[in-house]
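Reader: Hi! Could you take me on a close look at the nonpolar side chains of this model, outside and inside, with the cut-offs behind each term?

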Amino acid sequence: MNSRILVVGAGAVGGYFGARMASAGHDVTFLVRPRRHAQLLAEGLSLRSTIGDATISPTMVTAQDITAPYDIVLLSVKAYSLDAAMDDFSPAVGPATRIIPLLNGMLHLDLLTERFGQNAVMGGTCFIVSKLDKEGRIIQSGPLPRLSFGEMSGQEIAQARQIEKAFSSPGFETICSQHIVQDMWNKWILLASLGSICCLMRGTVGEIAEQPHGTDFTCAVIRECAAIATAEGHGPDAKTIDDTTRLLCKNGSPLTSSMFRDLSQGAPVEAHQIIGDLVARARKHGLETPLLDLTNLNLRVYELQRRQRATA
């Protein structure tokens, strides 16, 4: 029998992976808010992708429609929306449900475990370049997306392999990882470094790299992030550092962080989850991180200004 999968969110990430799984015949339901529900009901869930376009008529529920547990909850919301999302999908979590979050940073693991118990929560991460356009379509570019998950203990458990089969679909690579916590830290180093350089310099990777000492600045940010990960017991290996440095120091690269794109549009940002939590961990270990501190201050001022505009 097919595993019943609830995808929380039908945005640029959850919408992409969920649509690919649904197209492959998996039992996928999307938990959406009323506005997105109406849009998808009228127009379908559309992908415009380098892997191939697709449009599906998704199976959807809103929070009040959930009447029974699901086997798997794939959680793909912004970190600042986690509290509301947990309230929405909590009726879908039963004794055997596994929750796989694709959020950034690590703070969400503690919150999910506190709410649903350690046995319910797995580690997860993904690599995908995607966004929603003005029509609500998912625009995916770049290489083949990848979705990784696994037991945080690192143990090989049969249920994880069953989930791998439940996810496997054309359009993305599925990886059942035995080192998912390190995978999540490696991605956090990448995201925090990319977010810091783009938000501080207000530019793309290529624009920063092409300036005098631009790559020196980028490498210094990467070193700060890696030092925190190492102090936390999850230091990256040499290949991870080399790959991250090569990606973030590439001349001509149009790459920017989603945090910078959100900031440029005056939208909420995952400042605390991606940067603030790293800074707090650095303080705990007595590490000096002047560039991350500057990024954190920059984003805190931005968030203050957003709150002030909202109440004006």
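Author: Happy to! Let's begin on the outside, where Leu294, Leu297 and Val301 make a nonpolar surface patch of about 260 Å². Patch members have over 30% relative accessible area and no salt bridge, with nonpolar side chains (Val, Leu, Ile, Met, Phe, Trp, Tyr) joined within 5 Å and like charges within 9 Å. A salt bridge here is a Lys or Arg side-chain nitrogen within 4 Å of an Asp or Glu carboxyl oxygen. The areas come from the Shrake-Rupley method with a 1.4 Å probe, and for residues only the protein chains shown count as cover. Leu294 sits in helix α12 (residues 290–311); helices are DSSP runs of H or I with at least four residues, strands are E runs of at least two, and both are numbered from the N terminus. Leu294 has a relative accessible area of 45%, so this residue counts as partly exposed (buried is under 20%, exposed over 50%, partly exposed in between).

A word on the basis: this is a predicted model, where local features need pLDDT of at least 70 and side-chain atom pairs count only at pLDDT 80 or more, while totals for chains, interfaces and linings use all residues. Residues are numbered from 1 along each chain as its sequence is written, and side-chain values use heavy atoms, leaving out hydrogens and water.

Now inside. The largest nonpolar core has 60 residues, and Leu6 and Phe89 have the most contacts within it. Helix α6 (residues 180–201) gives the most to this core, 13 residues. Such a core is a set of buried Ala, Val, Leu, Ile, Met, Phe, Trp, Tyr and Cys residues joined through side-chain atoms within 4.5 Å. A second, separate core of 31 residues includes Phe167 and Phe172.

Phe172 also leads us to the aromatic rings. The structure holds five aromatic pairs (ring centres of Phe, Tyr or the six-membered ring of Trp within 6.5 Å; planes under 30 degrees apart are stacked, over 60 edge-to-face, the rest tilted). Tyr16 and Phe17 pair edge-to-face, at 5.7 Å centre to centre with 85° between the planes. Phe17 and Phe172 are also edge-to-face, at 4.9 Å and 85°. That second pair links distant parts of the chain, 155 residues apart: Phe17 is in helix α1 (residues 14–23), Phe172 in the loop between α5 (158–167) and β10 (173–176). Both Phe17 and Phe172 are buried, and Tyr16, at 0% relative accessibility, is buried as well. Ring pairs link Tyr16, Phe17 and Phe172 into a cluster.

Notes:
Buried means under 20% relative accessible area, exposed over 50%, partly exposed in between (1.4 Å probe, protein chains only).
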